[in-house]
Amino acid sequence: RRTTPFRASDAETRMAALVLSCALVFIVGALPASRVRGGIGLHAGAASALDAQWAQEPPIRIGHGFDIHRMAPHGDPEVGGPVTIGGVIFADFELGIVAHSDGDVIYHSVVDSIFGALTLPDIGQFFPDTDPRWKGAASDVFMQEAYRQMDQRGYRVGNIDVTLIAQAPRMILRDHPLATAERPFDHKRAMIDNLAALLQCPTNRINVKARTHEEVDAVGEKRAISCHVVTVFERKS
């Protein structure tokens, strides 16, 4: 059986061409400016405006930091000193920290969150553990550099949220000399004060939480401590 070839009418041809043109405009309009700048050239003015906007610093920046350090009994050749957390030295704790510097997991996490928010290299690139200058160094030095970078870029702390993960040492003590029946002694308050002083911000911009690791893995077995930090910056007015 012979079939008759299909031939579109002029109206159908014009309609198909119109639909195709609309589809092409829609697709090109949805592409990033960089994809169309060298081709069809649509939205050239919009591309320039977008480039100018991207060149400006955003009103807020968010960064995340993480750190973990091993702990070992005092006398172990790898131990570099007492456990230091958030600038608080736990001199009477039975374990010491294994680290090149003082191994302050809160300070190191905060520094990395600041560097991350500013799209800078990590703390290990700024302060490599192969550099003898940082052997046993107090992490205040790293915090000061992080603050300098933040301030230089025109930002200040919006808020910082710290989560310390440690089976030990304990953060809240009911048998501490400064504890009362109504209010146990809380090391986290001193950590907040230390962070606020180094970052030159009010204490109400900083939160320090602590939790155990339910006796799971190295942290839960008191062989390590770790920390997560989320930092939000805001542009200074």
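Start with the aromatic rings: a search of this whole predicted model turns up six aromatic pairs. Select Phe126 and Phe127, which make one such pair, with ring centres 6.1 Å apart and 40° between the planes, so the pair is called tilted because that angle is neither under 30 nor over 60 degrees. Colour these two by accessibility and you'll find that Phe126 is partly exposed, at 25% relative accessible area, while Phe127 counts as buried at 12%.

Next, click on Trp134 and Phe142. Their rings form an edge-to-face pair, 5.9 Å centre to centre with 75° between the planes. How buried or exposed is each partner? Trp134 counts as buried at 13% relative accessibility, and Phe142 is buried too, with a value of 3%. Now add Phe115 to your selection and show Phe115, Phe126, Phe127, Trp134 and Phe142 together: they form one aromatic cluster.

**Around His100**

Keep Trp134 on screen and bring up His100, because Trp134 is among the residues in contact with His100 at the 4.5 Å cut-off. Pro128, Asp129, Asp131, Lys135 and Gly136 are also in contact with His100, once neighbours within four places in sequence are left aside. His100 sits in the loop between β4 (95-98) and α4 and counts as partly exposed, at 22% relative accessibility. Try a distance label from His100 to Ala137: the two are 37 residues apart in sequence, yet 7.9 Å apart in space, C-alpha to C-alpha.

**Two helices**

Switch to cartoon view and select helix α6 (residues 140-152) and helix α7 (residues 187-199). Their axes come within 9 Å and cross at roughly 45°. That makes α6 and α7 oblique to each other. If you're wondering about the choice of numbers, two packed helices are described by the angle between their axes and the distance between the axes.

Which residues of α6 and α7 meet? On the α6 side, show Asp140, Met143, Gln144, Tyr147 and Met150; on the α7 side, show Leu195, Leu198 and Leu199. The residues of this contact split into six nonpolar, one polar and one charged.

**Loops with something unusual**

Now for some backbone stops. Most residues other than glycine have a negative phi, and most peptide bonds are trans.

- Follow the chain on from α7 to Gln200, in the loop between α7 and β8 (206-211). Phi of Gln200 is near 50°, a positive value in a residue other than glycine. Gln200 counts as exposed, at 57% relative accessibility.
- Jump to Thr119, in the loop between α4 (105-117) and α5 (123-126). Phi is positive for Thr119 as well, near 55°, and Thr119 is exposed, with a relative accessible area of 62%.
- Then pick Pro169, in the loop between β5 (155-165) and β6 (172-173). Here the peptide bond from Ala168 to Pro169 is cis, with omega near 0°.

One more loop to visit: Gly75 lies between β1 (60-73) and β2 (81-85), and Gly75 is exposed, at 74% relative accessible area. Draw a line from Gly75 to Gly96: the residues are 21 apart along the chain, and their C-alpha atoms are separated by 8.7 Å.

**A charge over a ring**

Select Arg235 and Tyr155 and turn the view until you look across the ring. Arg235 lies over the face of Tyr155, 5.2 Å from the ring centre.

**Inside, at Ile225**

Arg235 is in the listed range of strand β9 (residues 224-235), and so is your next stop, Ile225. Is Ile225 buried or exposed? Ile225 counts as buried, at 0% relative accessibility. Show what surrounds Ile225: leaving aside neighbours within four places in sequence, its contacts include Asp67, Ile68, His69 and Met71, along with Val83, Ile85, Ile97 and Val105. Ile165, Ala166, Ala168 and Val219 are in contact with Ile225 too, and you've already met Ala168 at the cis peptide bond. For another distance label, use Ile225 and His213, which are 12 residues apart in sequence and 9.4 Å apart in space, C-alpha to C-alpha.

**Zoom out**

Finish with the whole chain in view. The secondary structure comes to eight helices and nine strands. Of the 237 residues, 39% are buried. Among contacts between residues at least 6 apart in sequence, 69% join residues at least 24 apart.

Notes: Residues numbered from 1 in each chain as written. Predicted model: local features only at pLDDT ≥ 70, side-chain atom pairs only at ≥ 80, totals over all residues. Heavy atoms only, no water. Phe/Tyr/Trp six-rings, centres within 6.5 Å; stacked < 30°, edge-to-face > 60°. Buried < 20%, exposed > 50% of the residue type's maximum accessible area, 1.4 Å probe, protein only. Lys NZ or Arg CZ within 6 Å of the ring centre and 35° of its normal. Axes fitted to C-alpha atoms, helices over the stretch in contact; angles between N-to-C directions. Helix = DSSP H or I, 4+ residues; strand = E, 2+ residues; numbered from the N terminus. Parallel < 35°, antiparallel > 145°, perpendicular 65-115°, else oblique. Nonpolar A, V, L, I, M, F, W, Y, C, P; charged D, E, K, R; others polar.
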